[in-house]
Amino acid sequence: MTGRLRKNKGSIASIIGVLLMLLLLSTSCKQTNSISKKKYSFFIMSNDQKQYLWQTDSLDAGTANPIEEGVQLEHPPRIWYYMLVKNGFYYYVDPKTEYFVKGQVIGDHFERLDSVYLKSFSYPDNALFMDADTVFLVNHSVGIQPKRYAKVNVADMSAIVDTLALPLPRPPFGNMSVGFEFWRDKQLWMGYTYHFNNRENGFGSADTVYIARMSYPEMKIQHIEKDPRSTYPGNVNTAQQNTFLDEQGDFYFLSCPGIARGANPNQPTAIYRIKADEQVLDTGYFFNISTSPIQNHAYGLWYLGNHKALLRSERKDLFNTFEEHYLLAHIEYYEVDLRSKAVHKLDLPLDRGSSRTCVLIQDDQAYITINDGKGNNDVWIYRSKVQSLTKGLHLEGDIDYIFRLEKLYD
Amino acid sequence: MKVSKKLIERYHLGRCSYDEEEAVEQWLLDTQDTPLFPEGILDKETTKVEIWEQLRRDTLQAAARKGKRLSAKRYLKVYAGAAAIALLLLTTLFWNQKPTAISTAELARSTKITGLNTELFDIELGRESEATFDSKNELLDFCGIIKITPKKSMRLSFANFCGSHDELKKEVNVTGGTTYFALDLKNNEHTELLVMDEDLLFELPLLLRNSLISEFGI
């Protein structure tokens, strides 16, 4: 019995030895080939116009230098506007080549893993994940031609591209843009509008919100409705978000006639909705932001839960020209009550950049990034339930813009 | 010699004449801007795969297969060519297409802009655009849209003599090496002479920005 034990002890020792070796090997492999499992991703632009991706686990406190700790994204330039981040991967359409690229931060560099060609999809109007593996994109303006949509399976980077059946622009309009897509069961709603852009009249939009309802996945138009109270429903959602579904399944969206988007500033910015049990716009619901105590145009909207939303608006008394609109810090944040239409201003520093992916909702907290141009580059934490605002992570270094903050993994 | 897809194909297969090889390698080294892809001319996916394969192969081996003795100069050229391929491949595909805007070199030959001083700045005119440069007052009077990269930091005046509105004028401190777009930003309500740093283009309404991009190939 004892003899057998001794023999077994020897075998056990060698098994443990092998296991230890394997453990050592696997950890050393991780170090040279480390793919981050961090929770959050930042996209930063430095004062010398360099782009950085930085990932972190905590937004709540402390200080970090994302330029030193992050990975430089050398090209394409200014791509933060069109980026998607999902399940550890980064996606964008390369504007020059029109390849939809899948990449990842591996160790100290950004690696492009795969791509698929999507002709005419540089600078897409809209791009979002319909489900964990499928990206739905709407292409850029193509004049008086049908717009196109693409569905990309990001697991194998295969794509289907087809034309959208939306009515083409007619004079005086020469272009159109799609601002949102919203799926429910076997139907798809798209918000869009028409634009003109010429030397005589400059740039502007139809003074109308258009919504098309289609069968899905057939993409056949079932119904088109128009609302003349505002224009430019939705946004380039990859740059800044302004649509959401609430707990009841009601779909809300912001219309943006302000000068940075629709350029029909005499029309109001407003929140519209399509109710969960209805097929058409709830025309009785029109939360007019411009006539509310906010008194300004807005471009960003995020759902806080419990019929409250966070709105990102401009201050017309703080800028006189279009140039000042984008150079000066004049952006504010409000909590708006979607039912009572009450508004509550958040006591944040004036912010810069008319579009940024700057709000991340996590449970009952909203993380808001501010970059005021004076070195106050911070993550703030807003708790809607108690209307409390505290400062979280501070970002140091030569940062010009905190363009994106989002979850790296769902 | 125009570098075509067929020529690139032959280059990879080692079937080019000496002059043809020189042309392809020169094109690879010269391509500074990432140019637009032409519509429907190439099978981009195929060419992309081919070029990736080229990258992975030892370019010196490819040259050796041609059965030629490499001079040190050509050695360097081929290697530099491969490095250029690698660099360009980072943005995948490329083809040298002239942008619709008119470049400085062409402007110097044409009469589209008078008084142009190429020592002071590089300039491109958009479609249906014109400009006059008054070197004494350092005033650039233009109509339409221009893309300008000053070679040194200076205070430059811009004026916009077109359109049915009063002449707009603006003085701007421009930084050497930074690219700006000067345009007349107009809508129903408002006209503004905008001199905009290229890096802030994302602030323009989407359609305007996209039309600038397609006009200038940026």
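## Exercises on a predicted two-chain model

In α7(B), the buried residues are B:L206, B:L207, B:L208, B:R209, B:N210, B:L212, B:I213, B:E215 and B:F216. The model is predicted, and the exercises below concern this helix, the nonpolar cores and the cysteines.

**Exercise 1.** Determine whether α7(B) is largely enclosed or not by the rest of the structure, and identify which strands its buried residues pack against.

*Solution.*
1. A residue counts as buried when its relative accessible area is under 20%.
2. By that criterion, 9 of the 11 residues of α7(B) are buried, so the helix is largely enclosed by the rest of the structure.
3. In chain A, the packing partners of these buried residues are β13 (175–184), β14 (187–198) and β15 (202–205).
4. In chain B, the partners are β2 (121–125), β5 (145–150) and β8 (180–186).
5. Just after the helix, B:G217 adopts a positive phi of about 65 degrees.

**Exercise 2.** Establish which residues touch the most other members of the largest nonpolar core, and which element gives the largest share of that core.

*Solution.*
1. The largest nonpolar core has 65 residues, and A:I271, A:V336, A:L338 and B:L204 touch the most other members.
2. Helix α7 of chain B (residues 206–216) contributes 6 residues, the largest share of this core.
3. A second core, separate from the largest one, has 20 residues, including B:A131, B:I146, B:F158 and B:V172.
4. Leaving aside residues up to four places away in sequence, A:I271 touches A:Y252, A:F253, A:L254, A:Y285, A:F286, A:F287, A:I289, A:L301, A:V336 and A:L338.

**Exercise 3.** Explain why A:C358 forms no bond with the closest cysteine sulfur.

*Solution.*
1. A disulfide requires two cysteine sulfur atoms within 2.5 Å.
2. A search over all chains finds 0 disulfides in the whole structure.
3. A:C256 is in no disulfide, its nearest cysteine sulfur being that of A:C358, 13 Å away.
4. The closest cysteine sulfur to that of A:C358 is in A:C256, and A:C358 forms no bond with it because 13 Å is too far.
5. As to exposure, A:C256 is buried at a relative accessible area of 0%, and A:C358 also counts as buried, at 0% relative accessibility.

**Exercise 4.** Summarise the make-up, burial and contacts of chain B.

*Solution.*
1. Chain B contains 7 helices and 9 strands.
2. Of its 218 residues, 51% count as buried.
3. Among contacts in chain B with a separation of 6 or more, 44% join residues 24 or more positions apart.
4. The chain exposes about 10900 Å², of which carbon and sulfur atoms supply 50%.

Notes
Residues are numbered from 1 along each chain as its sequence is written. Chains are lettered from A and ligands numbered from 1 in the order in which they are written. This is a predicted model: local features need pLDDT of at least 70, side-chain atom pairs count only at pLDDT 80 or more; totals for chains, interfaces and linings use all residues. Side-chain values use heavy atoms; hydrogens and water are left out. A nonpolar core is a set of buried Ala, Val, Leu, Ile, Met, Phe, Trp, Tyr and Cys residues joined through side-chain atoms within 4.5 Å. Buried means under 20% relative accessible area, exposed over 50%, partly exposed in between (1.4 Å probe, protein chains only). Helices (H or I, at least four residues) and strands (E, at least two) are DSSP runs, numbered from the N terminus. Contact means heavy atoms within 4.5 Å. Accessible areas come from the Shrake-Rupley method with a 1.4 Å probe; for residues, only the protein chains shown count as cover.
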